[in-house]
Amino acid sequence: MAYLDIRVDQAILLFLLLLAVYFSTILAGRLIFSPLVKFPGPRLAATSFLYEFYYDFICRGRYEFKIEDLHDKYGPIIRINPDELHIRDPEFHSQIYVNSGVRKSSRPASHRNATPSRESTATTLDHDHHRQRRKALEPYFSKNMVTKLEPEIQRIVKRLHERLWQHKGSPTPINLFEVYGAVASDVVTAYCFGSSWGSLEKDNYDADTSHVHMFFTKLMPIFRLFPSLLTLSLAIPEWMIKDPGVVQMQRYRHRVEKQVADVRRATSLKKAGGAGKGITGHTTIFHELLERSTLPPSELADHRLTDEAITLVGAGLVTTAQTLAFVSFYLLNQPEALAKLQNALEPLMVSYPAKTPTWTQLEAVPYLNAVVLEGLRMHGVARRIARIFPDEDLKYKEWTIPAGTAIGMSASALHDYERIFPEPHFFIPDRWLEGDVHLKRKYWVPFGRGSRACIGISLAYVELYHVIAAVFRPNGLKMKLFETNESDVKYEHDFLFPSPKEDSKGIRVLIS
Ligand code: HEM
């Protein structure tokens, strides 16, 4: 027994020693030998990812705000974790977010590790691999292609209009994020699969689908730190999981998997001479990818396409729904802005819904355009989305950022830039109708910039213009905010999407 005790003691000692050597090596690597040692920032952030985790998870999406404080203290370039730098300098944004012609842009692995769809275009790390995947998608998101789908979007927006009228006189408020989430979900699923999920037809507007991404993004800091936990949590049976965000993500993944399988079956049937076209008859992304894409077979495997679909639906849903909900709040909260918009819309919307204007006609309404630009400025994705330049060092002032370093800038550095956008925290559409608008557009980056910028810009626009015009047309619905105020839109947490206070019940309205 004594012999065994000594052996156990020794084993524990050896284990602790090895652990100490292991952590000392990591620490030395990060604090002494890393090429990032010369960059300013707190030692703790450079030492461990736990610093970022603390602000992002324990303090609930507050690292973006802490980064602001760190810039105030340390200057325009700082090290925000062992592997990543952050710059706050609006003039330098265009040097980081560049096109392929300027230089290759990869993504840090932490970006992919935290997502449930690691094989999508958006989460592809390597530059060349990303180009290959993105090129296969790009034709379906061109302005031309989106214009072809416009009649389907107009139909969905008319349905939204009818559904909203059904709430007329009801004392029960409706949550606009959920309603617009249903629109965005129906549009993006029709676009991807040829048959929409019919979220607008559900009594609760399929609210779980809209909320699943928001639930899930709150867990991302954990998965960034422990990527295998995500793999595990998506693989284990549902009854073993306690977290509603993970349960819903599992269900959502199964739903998308089934949809991808349906499209594959339909295209195989078609190839065999049967009736296998997309259900609405128009060209859809996944039918086309399976029928005509030149991607290698491994890129068209079920799990790969499921990951692509999950990201497309997610990317197209929350961003669009949230922008619409926030814009609606501002319009309802600022009657003078609403009056100006209604006045501007009058000639085009006078016979709605019998006669529906086109996106091109709506884009030509200056005040509507200004409302969209301002809404996106205040509520686009605000957080940093880092790039890695694998082949080249980057010069910033007196600093040389070594090739292979993750470097990012938060969009809020530009959108809150007082020199360009005075009173940045106020919704002022008129700022887009006066002064040097071309200059302002240079500092307006809600869709990101460069080779990895948003692919769905045209689709987002067509939805935003049609929905805002239909919901806020003159002589249309009378909407009133219900127990909703500035605190329900004020950016307080970065959960990938800019979010208000956590106990907000959302932007709720009554219709009379
Ligand atoms: C108001 C609406 C939207 C906003 C504010 C928005 C914003 C963004 C931003 C900031 C990025 C990241 C860019 C970067 O890494 O620098 C992005 C990427 C992306 N978005 Fe959007 N987006 C919107 C709507 C859509 C829609 C409707 C779709 C289509 C389904 C979409 C699909 C994507 C995809 C696939 C990517 C990844 C692109 C890549 O990595 O190559 N987005 N979006």
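Where in the chain does Cys454 lie? Cys454 is found in the loop between helix H20 (437–442) and H21. The legends below describe views of a predicted model.

**Figure 1. Overall view of the predicted protein model.** The protein contains 21 helices and 11 strands. Its radius of gyration is 25 Å, close to the 24 Å that the globule rule gives for 512 residues, so the protein is as compact as a globular protein of that length. Along the principal axes, the C-alpha atoms occupy a box of roughly 90 × 60 × 50 Å. Of the 512 residues, 41% count as buried. Among contacts with a separation of 6 or more, 73% are made by residues 24 or more positions apart.

**Figure 2. Close-up of the N-terminal span at residues 12–33.** An unreviewed UniProt entry assigns the feature "transmembrane region" to these residues. The span is 100% helix and 0% strand. Its end C-alpha atoms lie 30 Å apart.

**Figure 3. Close-up of the shell around the ligand.** The ligand is surrounded by 26 residues, of which the closest are Gly316, Thr319, Gly448, Cys454 and Gly456. Helix H15 (302–333) and helix H21 (457–471) are the elements that give two or more residues to this shell. H15 provides the largest share, with seven residues. By residue class, the shell divides into 15 nonpolar, nine polar and two charged residues.

**Figure 4. Close-up of Cys454 in its loop.** The feature "binding site" is placed at Cys454 by an unreviewed UniProt entry, and Cys454 is also one of the residues closest to the ligand. The loop that holds Cys454 runs between H20 and H21. Cys454 counts as buried because it has 20 C-beta neighbours inside 10 Å. When residues up to four places away in sequence are left out, Cys454 touches Phe447 and Gly448. Of these two partners, Gly448 is itself listed among the residues closest to the ligand.

**Figure 5. Close-up of the four-stranded open sheet.** The strands follow the order S1-S2-S7-S4, and their pairing is mixed. Strand S1 (77–81) and strand S4 (387–388) form the edges, each pairing on one side only. S4 pairs with strand S7 (residues 406–408) in the antiparallel sense, over two bridges. Within this pairing, Arg387 has Ile407 of S7 as its bridge partner.

Methods. Residues are numbered from 1 along each chain as its sequence is written. This is a predicted model: local features need pLDDT of at least 70, side-chain atom pairs count only at pLDDT 80 or more; totals for chains, interfaces and linings use all residues. UniProt positions are given in the numbering used here, feature names are shortened, and annotations may be inferred rather than shown by experiment. A residue is near a molecule or strand if its C-beta atom, placed from the backbone, lies within 6 Å of it. Ala, Val, Leu, Ile, Met, Phe, Trp, Tyr, Cys and Pro count as nonpolar, Asp, Glu, Lys and Arg as charged, and the others, Gly among them, as polar. Two strands pair if DSSP finds at least two bridges between them. A residue is buried if 20 or more other C-beta atoms lie within 10 Å of its own, exposed if 12 or fewer, and partly exposed in between; C-beta atoms are placed from the backbone. Two residues are in contact if their C-beta atoms, placed from the backbone, lie within 7 Å. The radius of gyration is taken over C-alpha atoms; the globule rule is 2.2 Å times the number of residues to the power 0.38.
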